[in-house]
Amino acid sequence: MRRAIAAAVLTLFCAGFAYAADETVVVLPAKNGNVTFPHKQHKDMPEMKCTNCHETDKGGKIADLGKDWAHKTCKGCHTDKAKGPTKCNECHKK
C-alpha cells in the first residue's frame, strides 16, 4: 500500500513539474533592463523548433546564451519571421 501511495505521489509530482516547465517564463538579467521570455508562447508557434535556440530537439541549456547570441537569434527571428519586438525597450524592462 505504501508503495502505491508513493508511486501516485511521485507521478503527480512529475506531472506537475512537467506542466510548470511548460508554463515557464524565463527572466534574463541585463544591465539595461531584464528580458522576460515566455517559453510556452514560443514553443507553441508552428514555425519554432527546439533547435532554433537549443542544441538538441530535447531542449536543455543554451550554451552560448548571452547578449550577442540573444541579439542575433531573438532579434533576428523577430525581424525575419515572427514580427516580434525588436526595439531595446520592447524587450528590456527596468
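## Close-up views of a predicted model

**View 1. Leu28 and Val35 face each other across two strands.** Leu28 stands opposite Val35, a residue of strand S2. As you explore this pair, keep in mind that the model is predicted. The two strands involved, S1 and S2, are joined in the antiparallel sense by four bridges. Val35 has a partner in another strand as well: in S3, its bridge partner is His92.

**View 2. A hairpin links S1 and S2.** Five residues lie between the two strands of this hairpin. Look for Gly33 in the turn, where phi is positive, at about 120°. Strand S1 covers residues 25-28, and strand S2 takes in residues 34-38.

**View 3. The open sheet has three strands.** Here the strands are arranged in the order S1-S2-S3, with antiparallel pairing. S1 and S3 are the edge strands, each pairing on one side only. S3 is made of residues 92-93, and two bridges connect S3 to S2, again in the antiparallel sense. As a general reminder for reading such a view, side chains in a regular strand alternate between the two faces of the sheet.

**View 4. His42 sits buried in helix H2.** Helix H2 spans residues 39-43 and includes His42. Is His42 buried or exposed? His42 counts as buried because its relative accessibility is 15%, which falls below the 20% limit. Setting aside neighbours within four places in sequence, the contacts of His42 are Phe37, Met48 and His78.

**View 5. Lys40 and Asp44 form a salt bridge.** How many salt bridges does a search of the whole structure find? The search finds one, and this view is centred on it. The side chains of Lys40 and Asp44 meet with an N to O distance of 2.6 Å. In general, side chains of opposite charge can pair when their charged atoms come close. Both ends of the pair are partly exposed: Asp44 has a relative accessible area of 47%, and Lys40 has one of 28%.

**View 6. Cys77 and Cys88 are in no disulfide.** The disulfide count for the model comes to zero. Why is Cys77 not bonded to Cys53? The closest cysteine sulfur to that of Cys77 belongs to Cys53 and is 7.6 Å away, so the two are too far apart for a bond, given a cut-off of 2.5 Å. Cys88 is in no disulfide either, its nearest cysteine sulfur being that of Cys91, 8.6 Å away. The surroundings of these cysteines are worth a look too: Cys77 is buried, with a relative accessible area of 16%, whereas Cys88 counts as exposed at 60% relative accessibility.

**View 7. The whole chain puts the close-ups in context.** Zooming out, you will find four helices and three strands in the protein. Followed along the sequence, these elements give the pattern α-β-β-α-α-α-β. Of the 94 residues, 14% are buried, and His42 is one of the buried residues. The protein exposes about 7700 Å², and carbon and sulfur atoms supply 61% of that area. Among contacts between residues at least 6 apart in sequence, 28% join residues at least 24 apart.

Notes
Residues are numbered from 1 along each chain as its sequence is written. This is a predicted model: local features need pLDDT of at least 70, side-chain atom pairs count only at pLDDT 80 or more; totals for chains, interfaces and linings use all residues. Side-chain values use heavy atoms; hydrogens and water are left out. Buried means under 20% relative accessible area, exposed over 50%, partly exposed in between (1.4 Å probe, protein chains only). Two strands pair if DSSP finds at least two bridges between them. A salt bridge is a side-chain nitrogen of Lys or Arg within 4 Å of a carboxyl oxygen of Asp or Glu. Contact means heavy atoms within 4.5 Å. Accessible areas come from the Shrake-Rupley method with a 1.4 Å probe; for residues, only the protein chains shown count as cover.
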